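Trainee: I have the sequence and the structure open side by side. Could we go through them together, one question at a time?

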Amino acid sequence: MGRKRSHHHPPIRTARQSNSTDVSDDFEPPSDVLGTEAHPLTPTGSPLSSTSNLLIPSPARSSNAPASPRSDLIDPKAKRQATLLLLALIPEGILEAMLIPLYPFIVRSVGDIPESQVGYYTGLLGSAFYAPLLFMNVVWGFSSDRIGRRPILILGLTMGILAASLLTFGTTFAQIFTARVLAGAFGSNSTISKGMLGELFPTGGKGLAWGVAMYGCVYGLAGILGPVMAGALVNPHLKWPALFGNWFEHRPFALASGLGVSLMVVGWCFVVFGIKESRKTRTGTEKRRAGGVGGGGGLTVSGLTGNTVPRDVGDYQALLQNEDMDGTENDDLGRTKPDDGQGTFPNRRRSHSRDPETGSSKQREDDNGPTASRPSTSHPLLTRRTLLPIAGYCAIAFVNMVDMSATPLFFSAPRSAQGGGLGLTASSASLYLSTIAITKLIGQLFCFRFVLNAMGKEGTFSAGVWAFTVGNAAMALLVSTLPQASPDITPYAFLFPVLVVMGTAEVLGYLAVILLITDSVTSEYLGLVHGLASTCSAATRTVAPAVAGSLWQWGLLGGGGLSRATVFIVATCFGGAVGLATLSGL
């Protein structure tokens with residue numbers, strides 16, 4: 001009998017043993033030994049306990065191997081979904097941008113409201129949109145976490161179309177006020193969209209930064225188009241009497257708001273026919289039963305589903321990014337989930353690295369610094385990491401809303417020592433305010449990412465707060481001097497640099513704090529945390545217009561000079577206090 005032949009496979013070379021670039025290309029386990037769903041180095045529970053040198057990253061991978069997730073690449077499908085989502089938000093943003101500079105003019109056009117009361121009624125109209133959001137943002141955010149983002153977006157756009165239609169046909173202050181309240185009750189689309197962006201893109205990668213920047217660009221673009229369109233379309237019966245008759249004489253803003261309705265219908269079509277649901281509504285238990293991480297029935301990593309088992313080095317690298325060595329489970333975006341559902345976040349996370357000399361696995365602790373420290377608490381939303389960004393969001397929302405309520409009053413009031421304003425028309429006031437929106441768009445497209453890389457999220461937010469403070473101080477000086485200046489002086493020459501500073505403040509402050517809020521929780525709480533943040537900011541936005549209108553009228557009663565600038569002086573002091581708080585590390 002001849003000598004029995006043994007099946008001998010060549011030894012597996014590791015990256016440490018050889019500098020060849022074809023390590024992972026050469027090795028392929030025989031299918032008759034491994035089958036189709038097994039791997040000899042994959043234990044039942046987790047591959048992370050294996051000491052095989054295959055876990056060392058090889059210099060090259062097969063071109064046919066599935067690519068591991070990389071935070072520096074943007075998923076094309078996610079980018080398409082995010083683009084459709086942002087396009088659907090543009091009409092709503094345009095309508096809001098059209099109305100903000102027109103509020104004083106709308107108040108003057110709807111009835112017998114004396115000039116001495118215009119500021120109060122303007123503040124009331126500005127608060128009408130945000131008052132219901134105080135309660136409904138959390139409702140819609142919580143609902144989107146349970147039933148999905150897409151149904152809530154469709155409902156919000158549908159009711160927004162109805163509210164805008166009521167605004168178009170309204171002729172009394174009560175009708176217009178009701179339309180704004182209805183729009184606010186279903187006006188959580190921006191809140192839902194922020195949570196959706198957090199699900200489409202992984203935390204810390206270029207995708208999320210791109211999404212947040214484009215989110216800001218949407219409102220920057222809307223802020224440009226809205227005032228320009230408002231200025232062109234108000235009082236059509238005076239500009240084109242042959243086309244628009246007496247009906248528009250009693251509704252001088254109907255053409256502008258009617259165009260907003262048409263655009264919102266287009267946005268509704270984008271959501272209904274183009275956007276897919278991003279929210280995974282299954283619970284962690286259901287995922288484990290289906291073969292998720294820690295379930296023992298296979299391992300699920302990004303790019304692999306069901307009971308698929310990692311087959312090469314790249315798949316192990318993907319899994320290493322999605323599971324901690326100490327058994328802590330990560331969410332779909334790679335963020336650490338609360339332990340045992342109690343919402344506790346460890347200050348240090350253990351990880352494993354391989355000793356380059358011995359090849360042995362060793363455990364180390366990563367100190368992620370103050371921004372990664374998550375104190376133990378009964379709920380993941382009640383942490384310092386979450387509450388401080390929300391507080392910052394509310395602070396800049398208050399200052400910004402005071403500015404956007406008081407500035408149109410300054411532009412529209414009669415130009416005299418008693419009137420305290422510049423006496424601009426609705427078209428001119430809208431075009432003046434578009435400077436802020438143009439600055440925001442340019443800043444979001446070309447500047448924000450560079451500032452963010454240079455200063456970090458916290459530093460960028462602090463810079464935005466101080467920009468608000470400087471802008472309000474400059475505006476206070478202009479309000480106290482321009483109304484009694486010579487009519488030959490063009491106000492825009494003095495207002496332009498101040499409005500640019502205001503726009504820069506919005507870019508830096510808002511986008512940085514949105515990133516801080518998004519990074520503060522796991523993906524399952526994104527809708528709720530943004531709902532909570534928007535609810536808290538809605539409270540400040542509800543109060544701010546009324547405060548601004550009252551301070552404006554009170555300042556006029558005090559006479560000329562700095563008394564007229566009371567509202568901007570208060571905004572300066574408040575912004576300075578917030579800026580000092582950011583510098584102190586709060």
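Trainee: Let's start with Asp-145 and Arg-149: are they buried or exposed?
Mentor: Keep in mind that this is a predicted model. Asp-145 and Arg-149 form a salt bridge, with 2.7 Å between their closest N and O atoms. As for cover, the answer for both Asp-145 and Arg-149 is buried.

Trainee: Which residues are linked with Arg-149 in a network of salt bridges?
Mentor: One partner you have just met, since Asp-145 forms a salt bridge with Arg-149. On another side, the side chain of Glu-199 makes a polar contact of 2.7 Å with the side chain of Arg-149. The residues linked with Arg-149 in the network are Asp-145 and Glu-199.

Trainee: And where does Glu-199 sit, and is it buried or exposed?
Mentor: Glu-199 is found in helix α8, which covers residues 189–200. Its relative accessibility is 14%, and buried means under 20%, so Glu-199 counts as buried.

Trainee: How many salt bridges are there by this rule?
Mentor: Asp-145 with Arg-149 is one of them. Another joins the side chains of Arg-180 and Glu-96, at 2.8 Å from N to O. The count comes to six salt bridges.

Trainee: For Arg-180 and Glu-96, how many residues apart are they?
Mentor: Arg-180 belongs to helix α7 (residues 173–185), while Glu-96 belongs to helix α3 (residues 76–99). The pair therefore links distant parts of the chain, and the separation is 84 residues.

Trainee: What relative accessible area does each of these two have?
Mentor: Both fall under the 20% cut-off for buried residues. Glu-96 is buried with a relative accessible area of 17%, and for Arg-180, also buried, the value is 3%.

Trainee: Which residue forms a salt bridge with Lys-457, and which parts does the pair tie together?
Mentor: The closest N and O atoms of Lys-457 and its partner Asp-519 are 3.4 Å apart. Lys-457 lies in helix α16 and Asp-519 in the loop between α17 (491–518) and α18 (526–557), so the bridge ties together parts that are 62 residues apart in sequence. Lys-457 is partly exposed at 28% relative accessibility, whereas Asp-519 is buried at 12%. The partner you asked for is Asp-519.

Trainee: Turning to aromatic residues, what kind of pair do Phe-411 and Tyr-432 form?
Mentor: By this rule there are 16 aromatic pairs. One of them joins Phe-410 and Phe-411, a tilted pair with 6.0 Å centre to centre and 40° between the planes. For Phe-411 and Tyr-432 the centres are 5.6 Å apart and the planes make an angle of 80°, and over 60 degrees a pair counts as edge-to-face.

Trainee: Which helices does the pair of Phe-411 and Tyr-432 link?
Mentor: The two residues are 21 residues apart, and the pair links distant parts of the chain. Phe-411 is buried, as is Tyr-432. Phe-411 lies in helix α15 (residues 384–412), and Tyr-432 in helix α16.

Trainee: Which residues do ring pairs link into a cluster with them?
Mentor: You already know Phe-410, which is buried along with Phe-411. Besides Phe-410, Phe-411 and Tyr-432, the cluster includes Tyr-492, Phe-496 and Trp-552.

Trainee: What surface patch does Ile-438 belong to?
Mentor: Ile-438 has its place in helix α16 (residues 426–481), and it is partly exposed, with a relative accessible area of 37%. Together with Ile-442, Leu-445 and Phe-446, Ile-438 forms a patch with about 370 Å² of accessible area, and its character is nonpolar.

Trainee: Which residues does Gly-211 touch, leaving out those up to four places away in sequence?
Mentor: Gly-211 lies in helix α9 (residues 206–233) and counts as buried at 0% relative accessibility. Its C-alpha is 7.0 Å from that of Ala-82, although the two are 129 residues apart in sequence. The residues Gly-211 touches are Leu-86, Leu-197 and Phe-201.

Trainee: Finally, how many helices and strands are there in the protein chain?
Mentor: Of the 586 residues of the chain, 51% count as buried. The chain exposes about 26,400 Å², with 62% supplied by carbon and sulfur atoms. Its secondary structure comes to 19 helices and two strands.

Key: Residues numbered from 1 in each chain as written. Predicted model: local features only at pLDDT ≥ 70, side-chain atom pairs only at ≥ 80, totals over all residues. Heavy atoms only, no water. Helix = DSSP H or I, 4+ residues; strand = E, 2+ residues; numbered from the N terminus. Buried < 20%, exposed > 50% of the residue type's maximum accessible area, 1.4 Å probe, protein only. Contact = heavy atoms within 4.5 Å. Patch = residues over 30% accessible without salt bridge, like charges linked within 9 Å, V, L, I, M, F, W, Y side chains within 5 Å. Areas by Shrake-Rupley, 256 points an atom, 1.4 Å probe, with all protein chains shown as cover. Salt bridge = Lys/Arg side-chain N within 4 Å of Asp/Glu carboxyl O. Phe/Tyr/Trp six-rings, centres within 6.5 Å; stacked < 30°, edge-to-face > 60°. Polar contact = N/O pair within 3.5 Å; in protein donor to acceptor, adjacent residues only side chain to side chain.
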